[in-house]
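Q: Could you take one helix of this model and go through it closely, including the salt bridges it takes part in? After that, please connect it to other parts of the chain.

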Amino acid sequence: MQYNYLNGKFLYKNESKISTEDRGFNFADGIYEVIAFRKKNLLNYSRHINRLKCSLQSLKINSPFKNLSSLHFILKYLIEINHIENGFIYLQITRGSSERNHLYSPKLKSNLFISIFQTKNFSKYKKTGVKVITSNDIRWKRCDIKSISLLANVIGKQAAFRMKAYETWQKYKNYITEGTTSNAFIIKNKKIFTHKKNNYILGGVTRDAVIEIIKKKKIKLVEKKFSIDDAFGADEAFLTSTTVGILPVIKIDNKKVSNGKIGSLTKELMFDYEVYLEKQIKYE
């Protein structure tokens, strides 16, 4: 039986219940994080916590923690009692529960929910690469906040599934912003391009880690928006997220990238990112 964590208690999954007056339920008034763990070690933890704090501050949601060190203990214990070696933590904080009203008290006590799930097998995609489609970006213009309001992302992801693609890369004024669940990268003439951090994208934790690797390798990185035509003309392409790491992109809409094969620089970065994660693991 799986355990969750809800407002100070470790509970069985079927016992984890929250009020219908939760503002996350009524208004999508909340934020979330997804944190990977391997061999029971939390990966990229400080990056996730820094983004979590930024999201809370941006929406002026009260933190459920007096000290964030307690969160680390909660997550480690949740992993332990669920007997899962490799997987992901889903953490959600909403503004709290109150009578349904757009207005809220700034003193409202937030609700904290944490669940856990096992790692999915993406090895096939890493060996073959994936197809992405493109669509207009219809999201609000504060994508830098990791909000639980994900309806536009859901629509985009489902559209990709219908087209037998892995992901939808979203366009704003004909420029690629990011995927519905990932950040987008292209490679041209040994230069790597990705949208700069601003309100049009979520600053992905894996994105930032991969950028750190790219800079250490002294590969030219250009953080600026690139057009759909730039993407069609790319030598290589890939996407990044916490759940998949780096996935090669071999087709954008109906245009093959790198003749439909995984590019050499993408392969190199995939290997380097695995080494980067492995260094965070303590074996006991």
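A: The answer below starts with one helix, follows its salt bridges, and then visits other parts of the fold.

A word on the ground rules: this is a predicted model, in which local features need pLDDT of at least 70 and side-chain atom pairs count only at pLDDT 80 or more, while totals for chains, interfaces and linings use all residues. Residues are numbered from 1 along each chain as its sequence is written, and side-chain values use heavy atoms, with hydrogens and water left out.

Let's begin with helix H6, residues 205-216. Helices here are DSSP runs of H or I with at least four residues, strands are runs of E with at least two, and both are numbered from the N terminus. The 12 residues of H6 should span 16 Å at 1.5 Å a residue, and the C-alpha atoms at its ends are 17 Å apart, which agrees. (The expected span is 1.5 Å times one less than the number of residues.) H6 is mostly covered, with 9 of its 12 residues buried. Buried means under 20% relative accessible area, exposed over 50%, and partly exposed in between, with a 1.4 Å probe and protein chains only. The buried set mixes nonpolar and charged side chains: Val205, Thr206, Arg207, Asp208, Ala209, Val210, Ile211, Ile213 and Ile214. After the helix comes Lys218, whose phi is positive, near 60°.

Arg207 deserves a closer look. Its relative accessibility is 1%, so it counts as buried. Arg207 forms a salt bridge with Glu223, and the closest N and O atoms are 2.7 Å apart. (A salt bridge is a side-chain nitrogen of Lys or Arg within 4 Å of a carboxyl oxygen of Asp or Glu.) This pair links distant parts of the chain: Arg207 sits in H6 and Glu223 in strand E12 (residues 220-223), 16 residues apart. Glu223 has a relative accessible area of 32%, so it is partly exposed. Salt bridges with shared partners join Lys197, Arg207, Asp208 and Glu223 into one network.

That pairing belongs to a wider set: a search of the whole structure finds 18 salt bridges. One of them is between Asp29 and Arg95, with the closest N and O atoms 2.7 Å apart. Asp29 lies in the loop between helix H1 (23-27) and strand E3 (30-38), and Arg95 lies in the loop between strand E5 (87-94) and E6, so to speak across 66 residues of chain. Both Asp29 and Arg95 are buried. Another salt bridge brings together the side chains of Glu274 and Arg38, at 3.0 Å from N to O. Glu274 belongs to helix H8 and Arg38 to strand E3, 236 residues apart. Glu274 is partly exposed at 34% relative accessible area, and Arg38 is partly exposed at 22%.

Helix H8 can be checked in the manner used for H6. Its 15 residues reach 21 Å from the first C-alpha to the last, close to the 21 Å expected at 1.5 Å a residue. Its buried residues include Leu265, Leu269, Met270 and Tyr273. Ahead of H8, in the loop that follows strand E16 (255-256), lies Ser258. Ser258 has a positive phi of about 55° although it is not a glycine, and it is partly exposed at 27%. For context, most residues other than glycine have a negative phi.

Strand E3, which holds Arg38, also takes part in an open sheet of 6 strands with antiparallel pairing, in the order E2-E1-E6-E5-E3-E4. Strands E2 (9-12) and E4 (41-42) stand at the edges with a single partner each, so one side of each has no neighbour in the sheet. (Two strands pair if DSSP finds at least two bridges between them.) Within the sheet, E1 (residues 3-6) and E6 (residues 111-118) pair in the antiparallel sense over 2 bridges, and Tyr5 stands opposite Ile114 in E6.

One last stop is helix H2 (residues 45-59), home of Ser55. Ser55 is buried at 2% relative accessibility. Leaving aside neighbours within four places in sequence, Ser55 is in contact (heavy atoms within 4.5 Å) with Ile31, Ile145 and Lys146.
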